[in-house]
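Reader: I'm new to reading protein models, and I'd like to go through this one with you. Could you show it to me before I start asking?

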Amino acid sequence: MDIVVLLKQVPDTEALIQIADDKTSIRTEDVKWVINPYDELAVEEALRIKEKDGGKVTILTVGPERAVESIRTALAMGADEGILIDDPAARGSDALGTAKMLAAALKKTGYDLIIAGQRAVDDDGYQVPSAVAELLEIPQIAMVIKEEIADGKITCERTVEGGTMVVEADLPALFTTQRGINEPRYASLPGIMKAKKKPLTNMTLADLGVGAGEVGEAQAKCKIHDMSFPQERVSGKIIEGETAEAKAAELVRLLAEEAKVI
Amino acid sequence: MPQGVLVFAEQVDGSFRKIAYEAVSEGRRLADTLGEAVTAVVLGSGIEGMAGELGKYGADKVLAGDDPALVDFAPEAYSNVLLDITKANDPRILLVGASSLGKDLAARLAARLGAGLAMDCIALEVDGDTVSATRPMYGGKVLAKVALEGVPQVAAIRPNVMEIAEVPKGGDIEKVEVNIGTPRTRIVEKKLEAAVKADLTEADVVVSGGRGMGSSDFSLLEELAQILGGTVGASRSAVDEGWRPHSDQVGQTGKVVSPSLYIACGISGAIQHLAGMGASKYIVAINKDPEAPIFKKADYGIVEDLFAAVPAIIDELKKRKE
């Protein structure tokens, strides 16, 4: 089975984010970059499927040169090869532009199964995997916490408000991972050594057969024109009192009379 | 000429979700700025009777796609139908609620329409020909203003943020023919909790527990949530410990919530947690560590063991109810 994982490199979730001078992007200096946590689940799930059914796991990323580090990490976890799509003309693409590049690459690599994180925790866009599946005209199942593959079919349990749904589709298909599907492994030292020799290919728009007029900032239909920080919350009152009961009484009074939320 | 605002109104088993009213109300506000009409879309099975209710929130017209094949919100079948409706109506703006299935629906539709989509918006305005949307990024650490281009412009709005307003309009129901096409995915089973608790993203009150809970026994928080008509959430630590399911996690790698009241019990306040609940209207923190970062974000703080404070709060609330 040929499994392709769509992987994005994002700032660590514990990182403080600073807005750049252009007010439309973040400062990238001093940022610790990691594999998008949901994509890490996708890598792990791909490896588990491969360990069970055999096959090959390819990591596919759109991003700048530094994203190679994250691909290497996935290779060290056990993936077989990596592809980085990096082209100056592709910078500033919106979700659909990114999906066009990924879909073009997928048509070249071939695939039986595509796995991605349910969202990337930088843009919080939730769009790229859906758009890839639509462009490839294959089934897609989002926010999956459990999957099973048998007889050319995939059956997934996905989360919805108030519970889950079990959804099935024929392969090839795409699904996105939700927390709870697995606990990603750490890269082992031998894994890290082996990763250095695994194939890693760079692709440009020309390699993909995608025209510069199809992607990039000029084509984006959703553009950031300003970034700001949410209003800083000011720390409020620490409720004083002799006993837990006294504090509780004062809290309830404040919630009812001052905040008026109960 | 594209015209008007088309709003998808999500319903489950014959009841509109709160996000449906929020979306129609927001659609009304945008349409009034444009001087154009709001058309709501309801899809489901046996839903014709309920469709008219949307007139109350400002829908000039309600398109009802009533078909047994639409009984469950299957994003693929729904997107096939909504794509046809969108093409036939040629709206300037398409609004969808960003529930978990709504996000899925919006992403598919935008891809198929080749349209710009702003996901999980907390504010929208019309600026000439473009919709300008405010949406959180980096788990709420940053607010981005994005401009949409092209036709239609698609915005998925975050639940529990937009104000519901009663602006009675005609709400004339028009039945639409639906063709679900040949979906590539099939729903084989639904596992929904019998008494569906309000989802964290829609709850008006959220009571969350963290590492300070010490075990999987969250019964105190369940009781507090019940009295307040709220829902129980958890920090990443509590979920990582296996005390609560992943679906309860609040934070950058879980759910982003914006209730009127958020009560954090035994949660220290990691950056990724604060990002996920920072948009709450009022935050109460209960923690025995006075240095816990959560107190810097809380409107009201109680420095106390949560196992002493929470029962006292429950007693106090009960007294008040009597």
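Author: Sure, and one definition to begin with: helices (H or I, at least four residues) and strands (E, at least two) are DSSP runs, numbered from the N terminus. The expected span of a helix is 1.5 Å times one less than its number of residues. This is a predicted model, where local features need pLDDT of at least 70, side-chain atom pairs count only at pLDDT 80 or more, and totals for chains, interfaces and linings use all residues. Residues are numbered from 1 along each chain as its sequence is written, while chains are lettered from A and ligands numbered from 1 in the order in which they are written.

Reader: How far does helix 4 of chain B reach from its first C-alpha to its last?

Author: Helix 4 of chain B covers residues 100-113, which makes 14 residues. At 1.5 Å a residue you'd expect 20 Å, and the model comes close to that. Its end-to-end reach is 20 Å.

Reader: Is helix 4 of chain B enclosed or open, and how many of its residues are buried?

Author: A residue is buried if 20 or more other C-beta atoms lie within 10 Å of its own, exposed if 12 or fewer, and partly exposed in between, with C-beta atoms placed from the backbone. Helix 4 of chain B is largely enclosed by the rest of the structure, because its buried residues number 13 of the 14.

Reader: Which residue just after helix 4 of chain B takes a positive phi?

Author: Look right past the end of the helix. The phi there is about 65 degrees, and the residue is Gly114(B).

Reader: Which element gives the largest share of the side of chain B that touches chain A?

Author: Two residues are in contact if their C-beta atoms, placed from the backbone, lie within 7 Å. On that basis, 78 residues of chain B are in contact with 65 residues of chain A. The largest share of chain B's side is nine residues, and they come from helix 4 of chain B.

Reader: How many charged residues does that side of chain B have?

Author: Ala, Val, Leu, Ile, Met, Phe, Trp, Tyr, Cys and Pro count as nonpolar, Asp, Glu, Lys and Arg as charged, and the others, Gly among them, as polar. The side of chain B that touches chain A has 37 nonpolar and 18 polar residues, and its charged residues number 23.

Reader: Which strands stand at the edges of the sheet 12(A)-10(B)-9(B)-8(B)?

Author: Two strands pair if DSSP finds at least two bridges between them. Here four strands form an open sheet with antiparallel pairing. Two of them have a single partner strand each, so one side of each is left without a neighbour in the sheet: strand 12 (222-228) of chain A and strand 8 (123-127) of chain B.

Reader: In that sheet, which residue stands opposite Pro136(B)?

Author: Strand 9 (residues 130-137) and strand 10 (residues 142-148) of chain B pair in the antiparallel sense over six bridges. Opposite Pro136(B), in strand 10 of chain B, stands Leu143(B).

Reader: Where else do the chains pair, and what is the bridge partner of Ile238(A)?

Author: Strand 13 (residues 237-238) of chain A runs parallel to strand 18 (residues 300-303) of chain B, and two bridges join them. In strand 18 of chain B, the partner of Ile238(A) is Gly301(B).

Reader: Which residue of strand 4 of chain B is the bridge partner of Phe8(B)?

Author: Phe8(B) belongs to strand 1 (residues 5-8) of chain B, whose two faces are both covered. Val5(B) and Val7(B) are buried on one side, Leu6(B) and Phe8(B) on the other. Strand 1 pairs in the parallel sense with strand 4 (residues 38-44) of chain B over four bridges. The partner of Phe8(B) there is Val41(B).

Reader: Is Tyr126(A) buried or exposed?

Author: Tyr126(A) lies in the loop between strand 6 (113-117) and helix 4 (128-136) of chain A. Its phi is positive, about 60 degrees, although Tyr126(A) is not a glycine. With 25 other C-beta atoms within 10 Å, Tyr126(A) is buried.

Reader: And Asp13(B), buried or exposed?

Author: Asp13(B) sits in the loop between strand 2 (11-12) and strand 3 (15-16) of chain B. Phi of Asp13(B) is positive too, near 45 degrees. Because Asp13(B) has 12 C-beta neighbours inside 10 Å, it counts as exposed.
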